[in-house]
Amino acid sequence: MGLDEEDIILEKKYYDLFSNPQLLSILQTKETKTVVVTGLYTEVCVFGTVERAFTEGYHVIVPTDLVGSIDERTHLREAALEIMSNYLADVVNSDRLLD
């Protein structure tokens, strides 16, 4: 899977992607209402981005099969997913994204 012409690549300095001010500007310009958060370190980076997206007023979706952790302590990943599901985001399998 390659990049499309309209794809945007942003670098982040800290755990959550909103630490890059370009992200919020891009989302506002595109009048985005929903964000789908994927990535590694579910319990740190994904969680931080989800929490910030929620506090910025976005509807947040986290596909469980598109987030992961390299930490052997899987209970941290599961706890983070549960917290996000209970308070911050719709936590679903990616096959539900196209419904």
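Buried here means under 20% relative accessible area. The views below come from a predicted model.

**View 1. Arg-77 and Glu-78 form a salt bridge.** The two side chains meet at 2.6 Å, N to O. Arg-77 has 18% relative accessibility, so Arg-77 counts as buried. Glu-78 is at 42% and counts as partly exposed. Arg-77 is also one of the residues that Thr-42 touches.

**View 2. Arg-52 and Glu-56 form a salt bridge.** Their side chains meet at 3.0 Å, N to O. Arg-52, at 29% relative accessibility, counts as partly exposed. Glu-56 counts as partly exposed at 31%. The structure holds two salt bridges.

**View 3. Thr-42 is buried in its surroundings.** Thr-42 lies in helix H2, which covers residues 42-55. The relative accessible area of Thr-42 is 0%. The Thr-42 side chain reaches the backbone oxygen of Gly-68 at 3.0 Å. Beyond residues up to four places away in sequence, Thr-42 touches Phe-47, Val-67, Gly-68, Ser-69, Arg-77, Ala-80, Leu-81 and Met-84.

**View 4. The largest nonpolar core has 19 residues.** Val-50, Val-60, Val-62 and Met-84 have the most contacts inside this core. Four elements each give two or more residues to the core: helix H1 (21-29), H2, strand E2 (59-63) and helix H3 (74-88). In soluble globular proteins, nonpolar side chains tend to be buried together.

**View 5. Val-50 and the residues in contact with Val-50.** Leaving aside residues up to four places away in sequence, Val-50 touches Val-37, Val-60, Val-62, Met-84, Leu-88 and Ala-89. Val-60, Val-62 and Met-84 join Val-50 on the list of residues with the most contacts inside the largest core. Met-84 is touched by Thr-42 as well.

**View 6. Three strands form an open sheet.** The order is E1-E2-E3, and the pairing is parallel. Strand E1 (34-36) and strand E3 (90-92) stand at the edges. Each has a single partner strand, so one side of each is left without a neighbour in the sheet. From one strand to the next, the twist averages 20 degrees.

**View 7. E2 pairs with E3.** The two strands run in the parallel sense over three bridges. Pro-63 stands opposite Val-92 in E3. E2 also gives two or more residues to the largest nonpolar core.

Notes: Residues are numbered from 1 along each chain as its sequence is written. This is a predicted model: local features need pLDDT of at least 70, side-chain atom pairs count only at pLDDT 80 or more; totals for chains, interfaces and linings use all residues. Side-chain values use heavy atoms; hydrogens and water are left out. Buried means under 20% relative accessible area, exposed over 50%, partly exposed in between (1.4 Å probe, protein chains only). A polar contact is a pair of N or O atoms within 3.5 Å; within protein, one must be able to donate a hydrogen and the other to accept it, and residues adjacent in sequence count only if both atoms are side-chain atoms. Contact means heavy atoms within 4.5 Å. A nonpolar core is a set of buried Ala, Val, Leu, Ile, Met, Phe, Trp, Tyr and Cys residues joined through side-chain atoms within 4.5 Å. Two strands pair if DSSP finds at least two bridges between them. Axes are lines fitted to C-alpha atoms, for helices over the stretch in contact, and angles run from 0 to 180 degrees between N-to-C directions. A salt bridge is a side-chain nitrogen of Lys or Arg within 4 Å of a carboxyl oxygen of Asp or Glu.
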